[in-house]
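Subject: Handover of a structure and the findings from it

Dear colleague,

Please find the structure below, together with its sequence. My account of what was found in it follows, and I would be grateful if you would read the two side by side.

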Amino acid sequence: MSFDRSIKIAPSILSADFANFGQEIQAIEAQGCDWVHVDVMDGHFVPNLTFGPPLCAAIRPHIKTVMDVHLMISPVDPYIEAFAEAGADVITAHLEAGPHIHRTLQAIRANGAKAGLAINPGSGIDDVEYLLDMVDLICVMTVNPGFGGQKFIHSQIDKVKKLRAMIGDRPVHIEIDGGITPETAPLMAAAGADVLVAGSAVFKGGSVENPGVYGENIRAIRDAAEGARKAA
Ligand code: DX5
Ligand code: ZN
């Protein structure tokens, strides 16, 4: 996984057909996505439940790009090894998930994965400053985590601009998660984001029988984001 700041579209399989993850993943990759975003929820840190390491291991052989695992769980540390063994390329933990995020990020890298740090819409970036040299990705949540299909929170644009300046030349991705559409993607691309997670906006209207719609949806988000980059 080499580093660059080109726009990357990461569909969230939270919006895929849960009975058919293998084919859904093959379809979005064939239709041009860059990463595959996997939302892990524990019914405790967030008010929803999804899936754990066995599902990640089961879908891993279908992912040819990057397996981007977003852990919305607390505690995190007892499960890092299992998600790394399941084949996660990136493991992202929340700043808000416990008192020892520094230790969590160390553990993610020690287990051989890229380390991601997610921050909720209500959290500031002061606490990120001393973590910048131990992360590969910062995920700015533009909805409160827990569900797909929520409305983008515009106050996070300013946060991304400040974060981009704070990161400077460090090889750290800025990922945006929640409410990304062809309308909101350009705002974040211009502010400095490079990885755009999109669940409902990628999967809406398509299916494994009709995967071309996934391609159109991915292209619409990418074109809007790249257009904003050029204009910025
Ligand atoms: C929210 C998840 C997101 C979500 C994105 O808790 O982390 O990845 O699935 O879904 P949309 O794009 O529908 O907001
Ligand atoms: Zn997510």
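Which strands and which helix each supply at least two residues of the lining of the largest pocket? They are strand E2 (36–41), strand E3 (67–72), strand E8 (195–198) and helix H7 (200–203). Please bear in mind throughout that this is a predicted model.

The largest pocket

The volume of the largest pocket is about 280 Å³. It is lined by 25 residues, of which Phe147, Gly148, Gly149, Gly178 and Gly179 are the closest to its centre. By character, the lining residues comprise eleven nonpolar, twelve polar and two charged.

The zinc site

The zinc ion (ligand 2) has four residues as its protein donors: His37 through NE2, Asp39 through OD, His70 through ND1 and Asp177 through OD. These donors lie 2.0 to 2.3 Å from the ion. The site of the zinc ion (ligand 2) has six donor atoms and is octahedral, with angles of 68 to 168° among them. Along the chain, the donors of this ion follow the spacing H-x1-D-x30-H-x106-D. Histidine 37 belongs to strand E2 and aspartate 177 to strand E7 (residues 173–177), so this pair ties together parts that are 140 residues apart in sequence. Both residues are buried: histidine 37 has a relative accessible area of 0%, and aspartate 177 has one of 8%.

Cysteines

How many disulfides are there in the model? The count comes to zero. For cysteine 56, the closest cysteine sulfur is that of cysteine 139, and the two sulfurs are 16 Å apart, which is too far for a bond; the cut-off for a disulfide is 2.5 Å. Both of these cysteines count as buried, cysteine 56 at 1% relative accessibility and cysteine 139 at 0%.

Prolines

Serine 74 and proline 75 are joined by a cis peptide bond, with omega about 0°. Proline 75 is situated in the loop between E3 and helix H3 (80–85). As noted above, strand E3 supplies at least two residues of the lining of the largest pocket.

Proline 121 is also in a loop, between strand E5 (114–119) and strand E6 (137–141). Is proline 121 buried or exposed? Proline 121 is buried, with a relative accessible area of 13%. Its C-alpha atom is 20 Å from that of leucine 14, and the two residues are 107 apart in sequence.

Two further positions

Isoleucine 218 is part of helix H8 (residues 212–231). This residue is buried, at a relative accessible area of 1%. Although isoleucine 218 and cysteine 33 are 185 residues apart along the chain, their C-alpha atoms are separated by 6.7 Å.

Alanine 19 sits in the loop between strand E1 (8–11) and helix H1 (21–30). Alanine 19 is exposed, with a relative accessible area of 74%. A distance of 13 Å separates its C-alpha atom from that of alanine 58, and these two alanines are 39 residues apart along the chain.

With kind regards

Note on methods
Residues numbered from 1 in each chain as written. Chains lettered and ligands numbered in written order. Predicted model: local features only at pLDDT ≥ 70, side-chain atom pairs only at ≥ 80, totals over all residues. Heavy atoms only, no water. 1 Å grid on protein atoms, 1.4 Å probe; cavity = no way out; pocket = protein on both sides within 12 Å on 5 of 7 lines; lining within 4 Å. Points joined across faces, edges and corners; volume = space filled by probe spheres on them. Helix = DSSP H or I, 4+ residues; strand = E, 2+ residues; numbered from the N terminus. Nonpolar A, V, L, I, M, F, W, Y, C, P; charged D, E, K, R; others polar. Donors = N, O, S within 2.8 Å, 3.2 Å for Na, K, Ca; no water. Tetrahedral: all angles 85-135°; square planar, octahedral: opposite > 155°, others 65-115°. Buried < 20%, exposed > 50% of the residue type's maximum accessible area, 1.4 Å probe, protein only.
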